[in-house]
Amino acid sequence: FFVSACGVEHRLPFEVRGVLLEWTAMASAREAYAELARRFKRMYHFEHALSMVSYDQYVWMPPKGLEARSASKAELEVLLHELITDPALANLLKEAKGSTPGEEGNLREMR
């Protein structure tokens, strides 16, 4: 059964229920892909910031800036590590399915 927007319970024939479950699974896989894309974009931003801090540390850092640069770099590395090792990421990778060849390629790279 399902509950309509007005709160009425409806029973579905078996065939319709199977299609509904399949549709729900497909929607869930697309949502998982969208969440993965969001998370990996965020990880990319942290990696980019780390590269900028590293460049700054080696090229432009003022003489007394080592402590601040090192602390900034360490904090970014911790945040990136937390994102990569999050158990939810593994679950999303198992659940996600791409809807285009490009998305499937992205998933291969993410895995």
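Let me start with one residue: tyrosine 58 is exposed, because its relative accessibility is 65% and the cut-off for exposed is over 50%. Keep in mind throughout that this is a predicted model. Tyrosine 58 sits in helix 1, which covers residues 14-59. It belongs to a nonpolar surface patch, together with Tyr55, Val59 and Trp60. The accessible area of these four residues together is about 540 Å².

Now the overall layout. The protein contains four helices and two strands. Going from the N terminus, the order is β-β-α-α-α-α. There are 111 residues, and 25% of them are buried.

On to helix 2, residues 66-84. Helix 2 has 19 residues, and the distance from its first C-alpha to its last is 27 Å. That is close to the expected 27 Å, taken at 1.5 Å a residue. Which residues of helix 2 are buried? They are Lys73, Leu76, Leu80 and Leu83. These residues lie on the same side of helix 2, because the arc they cover around the axis is only 85 degrees. As a reminder, an α-helix has 3.6 residues a turn, so positions three or four apart point the same way. Please note that one of the buried residues on this list is a lysine, Lys73.

Leucine 79 is also in helix 2. Its relative accessible area is 29%, so leucine 79 counts as partly exposed. Between the C-alpha atoms of leucine 79 and phenylalanine 46 there are 7.9 Å in space, against 33 residues in sequence.

A second pair of this kind involves arginine 42, a residue of helix 1. Here the partner is leucine 83, 41 residues away along the chain, with 8.8 Å between the C-alpha atoms. Leucine 83 is on the buried list for helix 2, while arginine 42 is partly exposed because its relative accessibility is 41%.

A third pair starts at alanine 37, again in helix 1. The C-alpha atoms of alanine 37 and asparagine 106 are 8.6 Å apart, and the two residues are separated by 69 residues along the chain. Alanine 37 has 30% relative accessibility, so it is partly exposed.

Next, the salt bridges. How many salt bridges does a search of the whole structure find? The search finds four. In general terms, side chains of opposite charge can pair when their charged atoms come close. I will go through some of them.

Glutamate 35 and arginine 38 form a salt bridge, with 2.7 Å from N to O. Both residues are in helix 1 and three residues apart, which is about one turn of the helix. Both are partly exposed as well, because glutamate 35 has 24% relative accessibility and arginine 38 has 45%.

Arginine 39 pairs with aspartate 86, and their closest N and O atoms are 2.9 Å apart. This bridge ties together parts 47 residues apart in sequence, because arginine 39 is in helix 1 and aspartate 86 is in the loop between helix 2 and helix 3. Is arginine 39 buried or exposed? Arginine 39 is buried, because its relative accessibility is 16% and the cut-off for buried is under 20%. Aspartate 86 has a relative accessible area of 27% and is therefore partly exposed.

The residues of these two bridges belong together: Glu35, Arg38, Arg39 and Asp86 are linked in a network of salt bridges.

Another bridge joins aspartate 56 and arginine 69, whose closest N and O atoms are 2.1 Å apart. Since aspartate 56 belongs to helix 1 and arginine 69 to helix 2, this pair ties together parts that are 13 residues apart in sequence.

Last, helix 3, residues 87-95. Aspartate 86 comes back here, at the start of the helix. One of its side-chain oxygens reaches to within 3.1 Å of the backbone nitrogen of alanine 88. Within helix 3, Leu89, Leu92 and Leu93 are buried. They lie on the same side of helix 3, because they cover an arc of only 100 degrees around the axis. Pro87 and Lys94, on the other side of helix 3, are exposed.

To close, aspartate 86 is the residue I would point to on the screen. Aspartate 86 has a salt bridge to arginine 39, and a contact to the backbone of alanine 88 at the start of helix 3.

Conventions:
Residues are numbered from 1 along each chain as its sequence is written. This is a predicted model: local features need pLDDT of at least 70, side-chain atom pairs count only at pLDDT 80 or more; totals for chains, interfaces and linings use all residues. Side-chain values use heavy atoms; hydrogens and water are left out. Patches are made of residues with over 30% relative accessible area and no salt bridge: like charges are joined within 9 Å, nonpolar side chains (Val, Leu, Ile, Met, Phe, Trp, Tyr) within 5 Å. Accessible areas come from the Shrake-Rupley method with a 1.4 Å probe; for residues, only the protein chains shown count as cover. A salt bridge is a side-chain nitrogen of Lys or Arg within 4 Å of a carboxyl oxygen of Asp or Glu. Buried means under 20% relative accessible area, exposed over 50%, partly exposed in between (1.4 Å probe, protein chains only). The expected span of a helix is 1.5 Å times one less than its number of residues. The arc is that of the directions from the helix axis to the C-beta atoms. A polar contact is a pair of N or O atoms within 3.5 Å; within protein, one must be able to donate a hydrogen and the other to accept it, and residues adjacent in sequence count only if both atoms are side-chain atoms.
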